[in-house]
Amino acid sequence: MDDFSASDTETDDYRNPLLNQQDSTKVEKAPACCSSRYGLALLSCYGFFVAYALRVNLSVAMVDMLNTNTTGNTSCSLCPRHEEPLRPKHNHTASTYDWDSDTQGWILGSFFFGYILTQVPGGYLARRYGAKWLFGLGILGTVVFTMVTPLAADMGAGYLIAVRALEGVGEGVTFPAMHAMWASWAPPMERSRLLTMSYTGAQLGTVVALPLSGVICFYLDWTYVFYIFGVVGLVWFVLWTFLVSSTPEKHKRISEAEKQYITSSLKSELSPTTSHIPWASIFTSPSVWAIVVAHFSYNWTFYTLLTLLPTYMNNVLGFSIKENGFLSALPYLGSWALALLGGLLADWLRERWLISTVAVRKGFSLAGMIGPAVFLVAAGYTGCDYVMAVSFLTVSSALGGLSSSGFGISHLDIAPSYAGILLGISNTFATVPGMVGPIIGRALTHSNTIEQWRIVFFISGGINVFGAVIFALFGKGAVQPWAVSNAYVNGP
């Protein structure tokens, strides 16, 4: 089915923003302060903070889990080490393991073998049964398996791989469920800022988990990394259970004015049927596949750095476990900041009619994907210049935060009623880099030379640029006909 009508006139949303259409002119915008929708954004931000903290802590703990006396797990680095003088000894009590480079790659990538299984089911189940409990129980499951990680590691690499895969199963439903929830909660002209506030919990979790994991490993031992973050996740689940509802209509504390504002602003975008899902139209839509390709490409770079950056810091640049976590977190601190600023800017550009939604999405995607590719490749040519290497990697990831207001929100632009399902589809493909990226990365860097790592950076950068170009060519910014009209659900 061709994407026509609403999206071919790509300035429809420019000329007639939803909040300014005649049928909603009498609806006054509800204040943001102390509102239920911004409360949801903060709690979902906390939820993604937990999800990503649990996802990335193994990347740092892995450095201390290895037996450095075993051949192939040497602590020597290509560049001079940055050890602090008279360092106190640490990690006296925790076990260490004789895992070679390939085994490390499988352990780091195993999370995504479970993660990929629940993407599309997550979007479907959220639409059918409600997103609140799906999101909450998904993260709770990840918390439980995180807390048994030390036991699994002692039992063997195979058990650890299985536990990490089960963590992925639980966390796989989170993004589709949250997209489905925002379809009912986010007014169109606040969509960028609400979603970026929500999803930047992922970067914030990474920013906190990487350095804190290093500190925990240094002063305690690596097992406490999983116990401490597990407790943080349990606290979140209690708050989520009592303070959140799947829709504004079910929320017990929302004001009538805010409920009216949200439901009225969204009524023009929602499908008239909740039982039928236009699978044929979804899978034949160029705009959907543009999102899929962009999502896959962006995640290749994101997951490569997420899982392998601590190893690069340790094995090539020569940073200690304590320094490693702080420096590995810097790129995600930049990404978090630019994602938040980008969300505010994207909504401001659209709300003031300065630029159409499709142009905003494409512009932010190009900046958030080509920019990171350039600086990532440049980082491979910095040698042992630690300042330049860390700076380029930080700028690369920071610019990537802009894509949160690009293709990352387009699911809601083109089909809000099916946003969870669309995100499940795109995230299924986008999970593949997490599965194979660490394995390929470690396979290409057996000797940990700068030349080998340069190849990893070139591959990631090239894939990023390809995804940006595809989205710029085929991405759309308006609700597609098949997403709102029964006449198009099966295609022409």
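This is a conversation between a student and a tutor about the reasoning behind some descriptions of a predicted model.

Student: Let's start with the overall picture. What makes up the chain, in helices and strands?

Tutor: The chain has 21 helices and 0 strands. Of its 492 residues, 61% count as buried. Among contacts with a separation of 6 or more, 86% are between residues 24 or more positions apart.

Student: Good to know. Why is the pair of Trp-279 and Phe-283 called stacked?

Tutor: The ring centres are 6.2 Å apart and the planes make an angle of 20°. Centres within 6.5 Å make a pair, and planes under 30 degrees apart count as stacked, so Trp-279 and Phe-283 meet both conditions. A search of the whole structure finds 30 aromatic pairs, and this is one of them.

Student: What separates Trp-279 and Phe-283 along helix α14?

Tutor: About one helical turn, because the two residues are 4 apart in helix α14, which covers residues 279-283.

Student: And why are Trp-279 and Phe-283 called partly exposed?

Tutor: Partly exposed covers the range between the buried cut-off of 20% and the exposed cut-off of 50%. Trp-279 has 33% relative accessibility, so it belongs in that range. Phe-283, at 37%, belongs there too.

Student: Why is the pair of Trp-453 and Phe-457 called tilted?

Tutor: The angle decides it. The planes of Trp-453 and Phe-457 stand at 45°, with the centres 6.3 Å apart. That angle is neither under 30 degrees nor over 60, so the pair is tilted. Both residues lie in helix α21 (residues 450-474), 4 residues apart, or about one turn of the helix.

Student: Are Trp-453 and Phe-457 buried or exposed?

Tutor: Both Trp-453 and Phe-457 are buried.

Student: Now to charges and rings. How do you know that Arg-55 lies over the face of Tyr-52?

Tutor: Arg-55 is 4.1 Å from the ring centre of Tyr-52, and the distance limit is 6 Å. The charged end of Arg-55 also sits over the ring of Tyr-115, 4.6 Å from the centre of that ring.

Student: Let's look at the cavities. How many cavities of 30 Å³ or more does the search find?

Tutor: The search finds 5. The largest has a volume of about 380 Å³. Of the 20 residues that line the largest cavity, Phe-175, His-295, Tyr-298, Asn-299 and Ser-404 are the closest to its centre.

Student: Which helix gives the largest share of that lining?

Tutor: Helix α15 does, with 5 residues. The lining of the largest cavity divides into 11 nonpolar, 9 polar and no charged residues.

Student: What about the second largest cavity?

Tutor: Its volume is about 90 Å³. Residues that line the second largest cavity include Tyr-298, Phe-302, Tyr-332, Ser-397 and Asn-464. Helix α15 gives the most here as well, with 4 residues. This lining holds 5 nonpolar, 6 polar and no charged residues.

Student: Next, two glutamates. Why is Glu-351 called partly exposed, and why is Glu-190 called buried?

Tutor: Glu-351 has 24% relative accessibility, which is past the 20% cut-off for buried and short of the 50% cut-off for exposed, so it is partly exposed. Glu-190 has a relative accessible area of 0%, under 20%, so it is buried.

Student: Where do Glu-351 and Glu-190 sit?

Tutor: Glu-351 is in helix α16, while Glu-190 is in the loop between α9 and α10. Glu-351 and Glu-190 are 161 residues apart in sequence and 8.7 Å apart in space, C-alpha to C-alpha.

Student: Which residues does each of them touch, leaving aside neighbours up to four places away?

Tutor: Glu-351 is in contact with Lys-29, Met-189 and Arg-193. Glu-190 touches Lys-29, Arg-37, Tyr-38, Tyr-261 and Asp-347.

Student: One last question: what makes α10 largely enclosed by the rest of the structure?

Tutor: The count of buried residues does: 8 of the 9 residues of α10 are buried, so the helix is largely enclosed. Among them are Arg-191, Arg-193, Leu-194 and Tyr-199.

Note on methods:
Residues are numbered from 1 along each chain as its sequence is written. This is a predicted model: local features need pLDDT of at least 70, side-chain atom pairs count only at pLDDT 80 or more; totals for chains, interfaces and linings use all residues. Side-chain values use heavy atoms; hydrogens and water are left out. Rings of Phe, Tyr and Trp (its six-membered ring) pair if their centres lie within 6.5 Å; planes under 30 degrees apart count as stacked, over 60 as edge-to-face and the rest as tilted. Buried means under 20% relative accessible area, exposed over 50%, partly exposed in between (1.4 Å probe, protein chains only). A charge sits over a ring if NZ of Lys or CZ of Arg is within 6 Å of the ring centre and within 35 degrees of the ring normal. On a 1 Å grid over the protein atoms alone, a cavity is a set of points where a 1.4 Å probe fits but cannot get out, and a pocket is an open set with protein on both sides within 12 Å along at least five of seven lines; lining residues have an atom within 4 Å of a point. Grid points are joined across faces, edges and corners, and a volume is the space filled by probe spheres set on the points. Ala, Val, Leu, Ile, Met, Phe, Trp, Tyr, Cys and Pro count as nonpolar, Asp, Glu, Lys and Arg as charged, and the others, Gly among them, as polar. Contact means heavy atoms within 4.5 Å.
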